[in-house]
Amino acid sequence: MNAMSTTAKKPSNVRPVMQNVVATPPSDSDSRLDAASLQKLGTSTALTLGRKQAWYDFRSTLPLLVSDILASSVAVTAATLVHRWNGGTPHPAFCISVVLLVVLMHRIHGLYPACGASYAQEFRGIMQTCIVVTVGVAFGLLMSSSLNAFPWLCWATLSITLFFSLAAVRPIARRILSPFDWWTQPVVIVGNGAASRQLYDRLDRSRHEGLRPAGIIFDPTRHWDGSPATHAPEQKTTKSQIRDQADGQFYRIDSTEGVRRPNGSPSGNGAPVRRSESCWLGPTTELESILRGTGACRLALAEQDAGQWQDFHAFHGIPHVMLPMDFSYHPTESVRLAERGSGIELHCYTALTSPHAQLAKRVIDLVLVLLTLPFWLPLMIAIAIAIKVFDPGPVFYYQDRVGRFRSPFRAIKFRSMVCDADRRLSEYLQKNPQMMKEWKRTHKLQKDPRVTKIGVFLRKTSLDELPQLFNVLLGEMSLVGPRPIIDSGDYDREYIQEYPEVFELYQMVRPGITGLWQVSGRNSTSYTQRVFMDRFYLHNWSISLDIFILWRTVKTALLREGAC
């Protein structure tokens, strides 16, 4: 969908903005939205929205429900065939019971309709469902047979196929459904400036989560020179370009000739531009008619000035309201709201420093590495032979990295560069000075002349980091964690000096072979985004998050996403 187009029909009584208006930066007092200006909903409208929201939830749930039933049926069928092949006779109610239990637990874990939920949150719920179902099935099988006659092969088949089928079918179903407006639920955004645009764009990019932006509402007379035209014809726009002025307002640029900014240049730094009618739905005083016209039952506030919205009765009657928190970086996803006296308390929990959680993480690392030893050890031997054959020299490359408690350790990798890499780099940067900026910014080059032919393959598939499994066995690294940083020269000095609060958390854990950065774009992301991902991971670490990252790592490695 175009960034500024919406399939929702504009309310007939919402006045479009006049065609040519000049944007003027709002004052601090004018840039804030007032809760008192938000129109209160009537009782009949609120009840109508409630019924409409129930229909939307049913409509969003139904295709996900069908996909989950099909996925669980595949797992049950596989387990039944294995049981029959092993000489057993499945109980007639086995198939139906497993499918119904999956649907019930999905509902309890909030996976229907799960609008606005990320795949990481869904994955956590799917994993919880699979644990409950497999434990329940094991208990039921024990009740119907003795321990000696327990169908271990059937149960193991069900446990494995159920998890993989449910975890794989959800993102596929969401991607298929995301282009359809009937499946996504419209959201009306309240706000002005950069925050509303960012929220609009984020919802538009995340339609696979079941939400889409219907438009933005605010009072234009408080932020614009000129008043709305009462008889201006509404224009349809198929491809609108967005420009963000200094005051953060939205603009639609119909052509480059019509764009003028403060310096008067046609490339766009000011003067009269046209604001998009397809984005602006109307003023906050016409909220009720806007909700009726767009069919939206969800309201999202873009402004983070929490003090303006503490009086929640302004939103009474609206089924779903998204309120932003006034945190630069949210502390943790594991939060709980509690009403205490006349105030609301936000309880945050993190397992980062829990000794039980750290012990569990270490045990999981050792178990997974040792169990997969027969698979990765022969592969490492084959790669080592290939390196020796195609590029004679050392097989491994050792680099000092910062570990837990800021203790240095030597990270092991397969050598993917030529032996005289430093000289090659110096000569390349001298011949291509334009690449110096990229090198200083990321310490990486998209087309690195030092990388060998086999090194290109190893990096694309991330197999060059396979020897770090020995670092895991030695207790220097973990399978999942923040990317190990280098404390030498100008490498990662930005991490240590400009983000000391993140570096403090970094020192509490073992760095990981894979992590949130590796499965979220990797080299296509900026250094600041990498630090933010480390911050998010360290604040929200859990066993389920580690399993989710390992799951995504397989997909990232196979599709070579973000590798260079």
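Begin by selecting residues 88-105 in this predicted model. The C-alpha atoms at the two ends of this span lie 28 Å apart, and its content is 67% helix and 0% strand. Next, select residues 61-82, where the end C-alpha atoms are 32 Å apart and the span is 100% helix with 0% strand. Both spans carry the annotation "transmembrane region" in an unreviewed UniProt entry. The record also places this annotation on residues 125-143, 149-169 and 366-387, which may be coloured together with the two spans already selected.

Now display the whole chain. The chain contains 16 helices and 15 strands. Of its 564 residues, 47% count as buried. Among contacts with a separation of 6 or more, 73% join residues 24 or more positions apart.

Switch to a surface view. The chain exposes about 28400 Å², and carbon and sulfur atoms supply 61% of that area. On this surface, select Leu-370, Leu-373, Leu-377, Ile-381, Ile-385, Val-389, Phe-390, Phe-470 and Leu-473, which make a nonpolar patch of about 820 Å². Two elements each give two or more residues to the patch: α8 (373-390) and α12 (468-473). Which of the elements gives the largest share of the nonpolar patch? That share, six residues, comes from α8. One residue to centre on is Leu-373, found in helix α8. Leu-373 is partly exposed, with a relative accessible area of 30%.

From the surface, turn to the interior and select helix α6, residues 287-294. Is this helix largely enclosed or largely open, and why? Six of its eight residues are buried, so α6 is largely enclosed by the rest of the structure. The buried residues are Leu-287, Glu-288, Ser-289, Ile-290, Leu-291 and Thr-294. To see what covers them, add α1 (43-85), β2 (185-190), β3 (211-217), β7 (280-282) and β8 (298-301), which are included in the cover. Then step to Gly-295, just after α6, where the backbone takes a positive phi of about 75°.

Finish with two cysteines. Select Cys-279, which is buried with a relative accessible area of 3%. Select Cys-297 next; this residue is also buried, with a relative accessible area of 1%. A disulfide is a covalent bond between the sulfur atoms of two cysteines. How many disulfides does the structure hold? The number is zero, so no such bond is to be sought at either cysteine.

Note on methods: Residues numbered from 1 in each chain as written. Predicted model: local features only at pLDDT ≥ 70, side-chain atom pairs only at ≥ 80, totals over all residues. Heavy atoms only, no water. UniProt positions renumbered as here; feature names shortened; annotations may be inferred. Helix = DSSP H or I, 4+ residues; strand = E, 2+ residues; numbered from the N terminus. Buried < 20%, exposed > 50% of the residue type's maximum accessible area, 1.4 Å probe, protein only. Contact = heavy atoms within 4.5 Å. Areas by Shrake-Rupley, 256 points an atom, 1.4 Å probe, with all protein chains shown as cover. Patch = residues over 30% accessible without salt bridge, like charges linked within 9 Å, V, L, I, M, F, W, Y side chains within 5 Å. Salt bridge = Lys/Arg side-chain N within 4 Å of Asp/Glu carboxyl O. Disulfide = S-S within 2.5 Å.
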